[in-house]
Amino acid sequence: QKKKEWELREKSQKDSLTGLLNNSTIKQQIGARLQSLKRGQTGYLVVQDVDSFKKINDTNGHLFGDAVLCSFADELSNIFPEALKGRIGGDEFILFLKGIPPFAVEKKAEELLQMFRQLFRQDKQALEITCSVGIARYPEDGTDYQTLYRCADQALYRATVSYTHLTLPTIKA
């Protein structure tokens, strides 16, 4: 009975498509991690979005779109194994990292962008699927989930609009 309850609880915390944490669970767990950070520790809230996802679904079908999201979730897990990861909306993902230097976050974000670009390039239709990334840094950009999310979301928007696909926080020496 306890095992079954645990499995049901575990299942209720996961996104059914990708297996990552769902929106409410990831917000709660990131909030708890933020509260546990000690003075002087740095954390990063990273928001990712698949570019032109509606067009991908409209052009290639929803099953293909679902495959893109699952592939993206897999790449997140491969590149950021130590991060707390979740899917917070249709094609929007979030992760939280702590205890790593800024250059490592930047390098991993660039790796994600390159890997994702390569995933579907081999398709005979020469389909290029890209993603955009916005990053907020704790405590410089905020100390709570909402403030960090707003900052990372604004960075994501700037990256999407400018076609740079990655907007980083200003790293202070």
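This note sets out numbered points on the predicted model of the protein chain.

1. Basis of the values. The model is predicted, with local features requiring pLDDT of at least 70, side-chain atom pairs counting only at pLDDT 80 or more, and totals for chains, interfaces and linings using all residues. Residues are numbered from 1 along each chain as its sequence is written, and side-chain values use heavy atoms, with hydrogens and water left out.

2. Secondary structure. The protein chain has six helices and five strands. Here helices (H or I, at least four residues) and strands (E, at least two) are DSSP runs, numbered from the N terminus. Read from the N terminus, the order of elements is α-α-β-α-α-β-β-α-β-α-β.

3. Burial and surface. Of the 173 residues in the protein chain, 46% are buried. Buried means under 20% relative accessible area, exposed over 50%, and partly exposed in between, with a 1.4 Å probe and protein chains only. The exposed area of the protein chain is about 9,800 Å², of which carbon and sulfur atoms supply 51%. Accessible areas come from the Shrake-Rupley method with a 1.4 Å probe; for residues, only the protein chains shown count as cover.

4. Sequence range of contacts. Contact means heavy atoms within 4.5 Å. When contacts in the protein chain are restricted to residues at least 6 apart in sequence, 69% of them join residues at least 24 apart.

5. Nonpolar cores. A nonpolar core is a set of buried Ala, Val, Leu, Ile, Met, Phe, Trp, Tyr and Cys residues joined through side-chain atoms within 4.5 Å. The largest such core holds 30 residues, and V50, V68, F72, L76, F80, L97 and I129 have the most contacts inside it. Two or more residues are given to this core by each of strand 1 (43–50), helix 3, helix 4, strand 3 (92–98), helix 5 (102–119) and strand 4 (131–138). Helix 4 supplies the largest share, seven residues. Another core, of 18 residues, lies apart from it and has L45, A136, Y145 and A152 among its members.

6. Packing of helix 3 and helix 4. The axes of helix 3 (residues 53–60) and helix 4 (residues 62–79) come within 7 Å and cross at roughly 135 degrees. Helix 3 is therefore oblique to helix 4. Axes are lines fitted to C-alpha atoms, for helices over the stretch in contact, and angles run from 0 to 180 degrees between N-to-C directions. Angles under 35 degrees count as roughly parallel, over 145 as roughly antiparallel, 65 to 115 as roughly perpendicular and the rest as oblique. Helix 3 contributes F53, I56, N57 and N60 to the contact, and helix 4 contributes H62, F64, G65, V68 and L69. By class, this contact has five nonpolar, four polar and no charged residues. The classes take Ala, Val, Leu, Ile, Met, Phe, Trp, Tyr, Cys and Pro as nonpolar, Asp, Glu, Lys and Arg as charged, and the others, Gly among them, as polar.

7. N57 and G65. N57 is found in helix 3 and counts as buried because its relative accessibility is 13%. With neighbours within four places in sequence left aside, N57 is in contact with H62 and G65. G65 lies in helix 4 and counts as buried, at 0% relative accessibility. On the same basis, leaving aside neighbours within four places in sequence, G65 is in contact with F53 and N57. The C-alpha atoms of G65 and K55, ten residues apart along the chain, are separated by 9.5 Å.

8. Backbone points for review. Most residues other than glycine have a negative phi, and most peptide bonds are trans. S52, in the loop between strand 1 and helix 3, has a positive phi of about 50 degrees although it is not a glycine. Y138 and P139 are joined by a cis peptide bond, with omega about 0 degrees. P139 is placed in the loop between strand 4 and helix 6.

9. E140 and C151. The loop between strand 4 and helix 6 also holds E140, which is partly exposed, with a relative accessible area of 36%. E140 and T42 are 98 residues apart in sequence and 8.8 Å apart in space, C-alpha to C-alpha. C151 lies in helix 6 (residues 145–162). Apart from neighbours within four places in sequence, C151 is in contact with A136 and D141. The C-alpha atoms of C151 and D141 are separated by 6.7 Å.
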